[in-house]
Structures are given as C-alpha cells and as structure tokens.
Amino acid sequence: MNTRIDPAALEAAEAAPPSHDASDPTLLARMIEAGILVETGEDGIYGRSAAFEDVLERLSVAVTLLGADQNAEVLRFPPALRRRDFEDSEYLKSFPDLAGTIHAFQGNDADHRRLLAALDATIAAGDGERSDEWMDQQKPTRLVFTPAACYPIYPVIARRGALPEGGATFDVFSYCFRHEPSVDPSRMQMFRMREFVRLGSPGDVMTFREKWIERGSAFVKMLGLPFDIDLANDPFFGRGGKIVANSQREQQLKFELVIPVATPGRPTACLSFNYHMDHFGTLWKIDCANGDVAHSACVAFGMERTTLALFRHHGLDVRAWPDGVRALLWGDTQAAIDAALR
Ligand code: AMP
Ligand code: ZN
C-alpha cells in the first residue's frame with residue numbers, strides 16, 4: 001500500500017460531504033439502555049458490562065495473534081507515570097489541556113480538620129455545582145496519569161543502554177487518561193490503548209508503520225467494519241499548536257484508521273499509526289546499536305473505540321453478529337488471523 005498520500009487530494013476528499021453518514025449519535029443511550037455501558041454521571045467515564053469486556057478482551061487476543069511475528073517484548077505498567085519522566089517527556093508542551101496529575105492528602109491533624117470542614121461545607125451546599133475548596137488540602141504526588149500506552153516505556157528502554165542490532169519492538173497495553181470530557185461515547189476520559197512500538201533505524205520503523213497500516217486495515221476488514229485511512233494530526237494546544245499540527249501533516253507523520261461510530265458527519269479514529277522520527281530517541285537518549293539516535297513508530301489500537309464500532313455496526317446482541325466476525329472473536333481466532341495475513 002502506498003502511504004504517501006498527496007495532501008491536496010486528501011484535503012479535497014475531507015472537504016467533500018460523506019455520501020452516507022453511518023455514525024449513530026444515539027449509540028451511547030442505546031448501549032446504556034441495554035446495560036452494555038453503565039452511566040456514572042460523568043461524561044467519558046463509564047462502567048463496562050461483561051458483554052463489553054468480553055468483546056474488548058477477545059479483540060485484544062486477536063491483536064496479540066496479529067502481532068505474533070513481531071517478536072515484541074511484552075511490557076505492562078499501571079496507568080501512572082513517574083512525574084519526573086512525565087516532566088521530561090515534553091507532553092505539557094503539546095497537550096497541557098489533556099494531562100491528568102494525581103494529588104493526595106499529605107497533611108497533619110490540623111490540615112485534616114481543615115479538609116473535613118471544607119468537605120462538610122461542600123456537601124452541605126447540596127447537589128448543584130460543588131465547590132472544590134477541600135482540594136486545597138491535596139498536594140501533588142510523584143505520579144501523573146499515563147496519557148498514551150507507549151509513554152512509560154521510553155525511559156525504561158533508555159536505561160538499558162543502546163538497542164540491540166536490528167532495533168526492538170514492544171507490546172504495551174494500558175488504561176490511559178485524557179481530560180477531554182465529552183458526550184461522545186468514543187471520546188472517553190479513561191480508556192485502553194494497545195500498542196506495538198518499534199525503535200530502530202528510520203528504515204526499520206517506516207517499514208513497520210507501513211506493515212501495520214496494511215495489517216490494521218486487514219484486521220478491521222475482518223471485523224466487518226467500514227473504514228478509511230486518513231492523514232491526521234494530534235490536537236496540539238494553542239495557536240503555536242496549529243503550526244506544529246500542520247507540519248505533522250506535511251511530513252505525514254500520523255495516519256488514522258477511521259470508522260463511523262457516534263459522531264455525526266465525522267468518522268472516529270480507532271487505530272493510529274505514528275512515526276515520531278527521532279523525537280523520543282533524542283529526548284530519552286535512546287541509541288541504535290551503531291550509535292545513531294533511534295527513530296520510533298507505534299501502532300495504537302483504541303480498544304474501547306473499536307469495541308464501540310462493533311456494537312454500532314453489528315448491533316447490541318453479539319449473538320447476531322456476522323458469522324465471520326463471530327468466527328474471528330469466538331471461534332478459531334488463530335486460523336482467522338492466519339487466513340487474513342495470507
Ligand atoms: P492517539 O495517541 O491520539 O493517536 O490515540 C491512540 C488511539 O487511542 C486512537 O486511535 C483512539 O483509538 C484511542 N483514543 C484516543 N483518544 C481517545 C479517547 N478520548 N477515548 C477513547 N479512545 C481514545
Ligand atoms: Zn504510542
């Protein structure tokens with residue numbers, strides 16, 4: 001597949017109205033009604049039922065099989081980063097609005113009394129918009145929430161010294177936090193991201209990304225979902241962020257696999273394919289075996305979004321999903337993946 005998409009053609013395609021909008025703005029309400037997602041009262045924070053988790057976990061198994069030939073080292077971290085590493089990551093330069101810091105009470109008895117008094121006042125004020133005065137007693141911890149599943153691994157890899165010959169590939173999975181409350185069910189504040197991350201020479205990582213654009217497409221086709229591969233950019237903050245976003249597009253650093261889910265008129269990014277060039281290699285001082293700065297790329301599977309897309313397109317009763325999709329997720333997953341990769 002040729003991933004060097006002509007930006008002018010792409011802009012024209014994006015400007016054209018979709019011929020048929022297959023998104024469903026009632027999806028969240030229907031899924032809550034059916035008990036598949038559980039309301040908490042907070043936009044973007046949902047409980048997941050057994051039915052939802054079953055699909056998501058089976059997708060994750062399928063992704064593992066899809067990447068079985070990658071010799072990826074599995075690394076799992078809790079959904080928090082060391083604050084120090086977060087500070088060094090430059091995330092706050094680009095996405096200050098999305099980051100979530102973790103605070104905790106660290107005071108003495110007098111502070112505790114102040115905390116409880118402020119809390120009593122908050123609760124006594126009733127059910128309207130609550131005051132956050134009690135939070136004056138909360139102090140920063142040494143942790144922040146993980147914003148993307150690959151973030152915890154770069155400093156860990158850097159500490160190991162130079163990459164082995166041929167680079168290295170990692171398989172990561174984490175709950176992530178992004179402060180972007182929304183009534184769109186596919187824009188959650190806490191969600192799971194599964195990634196394969198490749199570090200190595202520019203050639204190695206570009207080959208990896210192209211392979212995963214193909215594989216991701218084959219996978220979503222197997223899931224019976226309509227999709228497009230689009231040139232994309234990250235939501236860099238502020239006025240300066242527009243320039244960075246434009247440059248990211250010009251250099252074709254980010255592609256997304258988009259599927260109509262719940263946003264009217266706009267398909268949702270369910271997978272992303274990112275080339276970071278030497279950004280993380282330079283930042284974290286990760287070198288290739290020959291001493292060159294490592295380049296990196298990652299493919300990210302949005303687990304909740306892909307699950308939502310399946311419920312959107314195949315219906316709320318998984319027993320009635322198309323045979324091919326049922327065979328892939330509930331049947332011989334290995335055989336289905338092998339067939340698709342051939
Ligand atoms: P990104 O780092 O923004 O490319 O995100 C990687 C993947 O995570 C995306 O392709 C989405 O599938 C998923 N994702 C990103 N933001 C959210 C969100 N707010 N809610 C649910 N999934 C998300
Ligand atoms: Zn990543």
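**Exercise 1. Around the ligand**

Task: In this predicted model, find which strand gives the most residues to the shell around ligand 1.

Solution:
- Step 1. Start with the shell itself: ligand 1 is surrounded by 17 residues. The closest ones are M188, F191, S272, A300 and G302.
- Step 2. Now look for elements that supply at least two residues of this shell. You should end up with β8, β11, β12 and α11.
- Step 3. Pick the top contributor: β11 gives the most, with four residues.
- Step 4. Sort the shell by residue type. You get eight nonpolar, three polar and six charged residues.

**Exercise 2. The seven-stranded sheet**

Task: Work out in what order the seven strands of the open sheet come, and why one side of β3 and of β9 is left without a neighbour.

Solution:
- Step 1. Walk across the sheet and write down the order: β3-β7-β8-β12-β11-β10-β9. The pairing along the way is mixed.
- Step 2. Check the two ends. β3 (73-76) and β9 (228-232) are at the edges with a single partner strand each, so each has one side without a neighbour in the sheet.
- Step 3. Ignore direction and compare neighbouring strands: on average they are turned by 20 degrees against each other.
- Step 4. Zoom in on one pair. β8 (residues 190-200) and β12 (residues 295-302) pair in the antiparallel sense, and there are eight bridges. Follow E195 across and you land on A300 in β12, which stands opposite.
- Step 5. Add the helix. α11 (residues 303-314) packs on this sheet and touches β8, β10 (254-259), β11 (268-277) and β12. The direction of α11 makes about 40 degrees with that of β12.

**Exercise 3. The three-stranded sheet**

Task: Say which strands form the edges of the sheet β4-β6-β5.

Solution:
- Step 1. Read the order: this open sheet of three strands runs β4-β6-β5, with antiparallel pairing.
- Step 2. Look for strands that pair on one side only. Those are β4 (80-82) and β5 (101-105), the edge strands.
- Step 3. Get the turn between neighbours. With direction ignored, the average here is 55 degrees.
- Step 4. Count the links between β5 and β6 (residues 138-145): four bridges join these antiparallel strands. For one of the residues involved, T101, the bridge partner in β6 is V144.

**Exercise 4. Two domains**

Task: Describe how domain 1 and domain 2 are placed and what makes up the contact.

Solution:
- Step 1. Mark the bounds. Domain 1 covers 7-100 + 147-341, and domain 2 covers 109-145.
- Step 2. Take the C-alpha centres of the two domains: they lie 35 Å apart.
- Step 3. Count the contact residues: 10 residues come from domain 1 and four residues from domain 2.
- Step 4. On the domain 1 side, β4 and α4 (83-88) are the elements that give two or more residues. β4 gives the most, with three residues.
- Step 5. Sort that same side by type: seven nonpolar, one polar and two charged.

**Exercise 5. A helix pair**

Task: Decide whether α3 and α12 are roughly parallel or roughly perpendicular to each other.

Solution:
- Step 1. Recall what you need: two packed helices are described by the angle and the distance between their axes.
- Step 2. Find both values. The axes of α3 (residues 50-66) and α12 (residues 323-330) come within 9 Å and cross at roughly 75 degrees.
- Step 3. Compare with the cut-off: 65 to 115 degrees counts as roughly perpendicular. The two helices α3 and α12 are therefore roughly perpendicular to each other.
- Step 4. Name the residues in contact: V55, R58 and A62 from α3, and L328, L329 and W330 from α12. They divide into five nonpolar, no polar and one charged.

Methods: Residues are numbered from 1 along each chain as its sequence is written. Chains are lettered from A and ligands numbered from 1 in the order in which they are written. This is a predicted model: local features need pLDDT of at least 70, side-chain atom pairs count only at pLDDT 80 or more; totals for chains, interfaces and linings use all residues. Two strands pair if DSSP finds at least two bridges between them. Axes are lines fitted to C-alpha atoms, for helices over the stretch in contact, and angles run from 0 to 180 degrees between N-to-C directions. Two residues are in contact if their C-beta atoms, placed from the backbone, lie within 7 Å. Domain bounds come from an automatic or database domain assignment. Ala, Val, Leu, Ile, Met, Phe, Trp, Tyr, Cys and Pro count as nonpolar, Asp, Glu, Lys and Arg as charged, and the others, Gly among them, as polar. A residue is near a molecule or strand if its C-beta atom, placed from the backbone, lies within 6 Å of it. Angles under 35 degrees count as roughly parallel, over 145 as roughly antiparallel, 65 to 115 as roughly perpendicular and the rest as oblique.
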